[in-house]
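Hi,

Here's the structure I said I'd pass along. Have a look at it first, and my notes on what turned up are underneath.

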Amino acid sequence: MLKQTNEDDIKPENIPEKVVWWAIANTYSIWVFGGLYVVGALLGWILLLFLLIKILAQTEDTPEDEKITISLSLWVWIAGMLMMQVALIAGHLDYNLPTGLIIKSSIGWAKGWAALALYPLAGCLKIRPQIIYRAVCIVGLHTLLIIPFLLLAPSLHLPQVLYVSPLKAVGGPGNEFFDVPLYEIDGSTGDLRWRLFTPWGPALGFVGNVNFMLALQEKNKKWRRLGLAGSVVMCFVCKSRMAQVCIVIIPLLTNVLSSLTRPRMLIGMGFFNFLAGIFAPSIIVAFNNFWEGFKAARAGSTRVRMALKEIAVYRWKTEAPIWGHGVVEEGPHIVEYMPIGSHHSWAGLLFVKGIVGFMALAIPLGFSFFDLLIKSTDSRRPTAQVGLSIVMILFLYTFGENLEILVYLYWHGLLVMGIGFQEKPKSQPLVTIT
């Protein structure tokens with residue numbers, strides 16, 4: 001049984017909690033050794049082992065609240081990610097790719113797409129979300145402590161990258177997943193930006209948004225402020241447009257969607273819609289101006305991303321509509337030789353895994369959204385509301401990142417989402433009338 005959580009004294013109480021706490025709270029320590037990619041790739045399978053041990057240990061005498069049950073949403077994620085592997089093998093066979101490449105790609109699946117099901121599945125374990133919230137706030141504190149030095153690094157003429165960890169020998173997408181950078185210079189604008197423990201700037205914004213929504217749930221005011229401040233810093237030093245928009249939109253959307261059954265919210269939305277109808281022309285013009293400014297902020301990056309998407313979708317339609325091409329391919333000069341199938345989850349899935357891979361992600365995301373939306377309207381299910389935020393962040397970032405490549409960084413958000421799937425309404429005390 002889990003003990004009552006004290007907001008000032010949160011400590012891991014079982015092995016899964018200790019492992020999760022260690023992996024999150026020591027993010028910067030693990031990063032210094034270049035081990036974040038390794039830890040993120042292995043931890044999901046370790047948690048699955050814990051879950052299997054607990055399932056096998058169950059008997060008829062096991063109390064109901066101790067028994068492991070897997071919700072329908074989790075089964076949908078499991079089925080979807082298994083279909084990713086089916087599409088991967090079919091795509092390789094369609095293009096007569098060598099067996100060695102199939103094995104290599106399958107290992108990549110085990111570290112990437114499989115993790116999108118493994119970490120939510122770990123929500124079936126007895127892991128309190130409060131443990132994750134506090135650990136994320138510790139990461140926020142460490143960010144605030146280290147960022148002043150990193151901001152000064154360019155002025156001190158320190159190298160952009162201190163070193164690349166020997167752990168890169170285990171294999172991964174590139175050296176940037178194992179290096180320790182101090183700062184970097186944007187290739188398209190020449191501006192300074194920071195990526196901290198992530199492989200590129202927008203990835204830091206992705207993690208910052210996930211951490212922001214988790215830190216919001218911390219009950220201790222001091223830790224909550226540190227966690228939120230650290231998350232905001234991540235979103236701004238990375239200079240990612242998506243991150244800065246997302247950190248404003250997601251909390252507002254979550255609050256609105258989780259309050260749809262409340263009369264005040266319905267009345268407020270009705271009044272807002274009335275005003276929106278009156279001022280629609282001005283709103284449309286303002287939105288168009290914002291969107292043009294958003295794209296113009298880093299016009300070079302926008303051009304490359306749009307070209308990558310168009311090439312990927314065109315080649316999917318004309319060459320491999322069902323199973324895709326199996327692997328990404330080096331792009332032409334117009335996209336600065338970026339891999340076709342990168343920088344956009346949906347276009348990437350269509351190119352690499354075809355319509356089958358596309359639906360294997362779209363269905364779990366859509367199902368999760370509606371499941372958590374319904375559960376989040378119940379105030380007795382607070383974790384479901386956080387899970388809803390994570391689903392929306394994942395969806396927004398599918399248009400700018402490949403989810404599977406960065407899962408080793410935001411896995412704790414998936415774990416909270418999984419806890420939200422499993423969350424049952426808390427019993428309310430009976431009210432006696434005398």
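The protein chain exposes about 21000 Å² of accessible surface, and carbon and sulfur atoms account for 67% of that. Of its 434 residues, 49% count as buried. Bear in mind that this is a predicted model.

On secondary structure, the chain has 16 helices and 6 strands. If you take the contacts between residues at least 6 apart in sequence, 74% of them link residues at least 24 apart.

One spot on the surface you may want to look at: Val32, Phe33, Leu162 and Tyr163 make up a nonpolar patch there, with about 400 Å² of accessible area together. Leu162 belongs to strand 1, which covers residues 161–164. Is Leu162 buried or exposed? Neither, quite: Leu162 counts as partly exposed because its relative accessible area is 45%, and that class sits between the cut-offs of 20% and 50%.

Now for confidence. The mean pLDDT of the protein chain is 84, and 85% of the residues reach at least 70. Among the elements, helix 6 (residues 115–121) has the highest mean, 95, while helix 12 (residues 280–296) has the lowest, 58.

Two stretches score lower still on your plots, I expect. Residues 1–5 stay under 50 in pLDDT, and the model gives them 12 contacts beyond four places in sequence. Residues 428–434 are also below 50, with 1 contact beyond near neighbours in sequence. Where pLDDT is low, the predicted coordinates shouldn't be read in detail.

Cheers

Note on methods
Residues numbered from 1 in each chain as written. Predicted model: local features only at pLDDT ≥ 70, side-chain atom pairs only at ≥ 80, totals over all residues. Heavy atoms only, no water. Patch = residues over 30% accessible without salt bridge, like charges linked within 9 Å, V, L, I, M, F, W, Y side chains within 5 Å. Areas by Shrake-Rupley, 256 points an atom, 1.4 Å probe, with all protein chains shown as cover. Salt bridge = Lys/Arg side-chain N within 4 Å of Asp/Glu carboxyl O. Helix = DSSP H or I, 4+ residues; strand = E, 2+ residues; numbered from the N terminus. Buried < 20%, exposed > 50% of the residue type's maximum accessible area, 1.4 Å probe, protein only. pLDDT = per-residue confidence, 0-100. Contact = heavy atoms within 4.5 Å.
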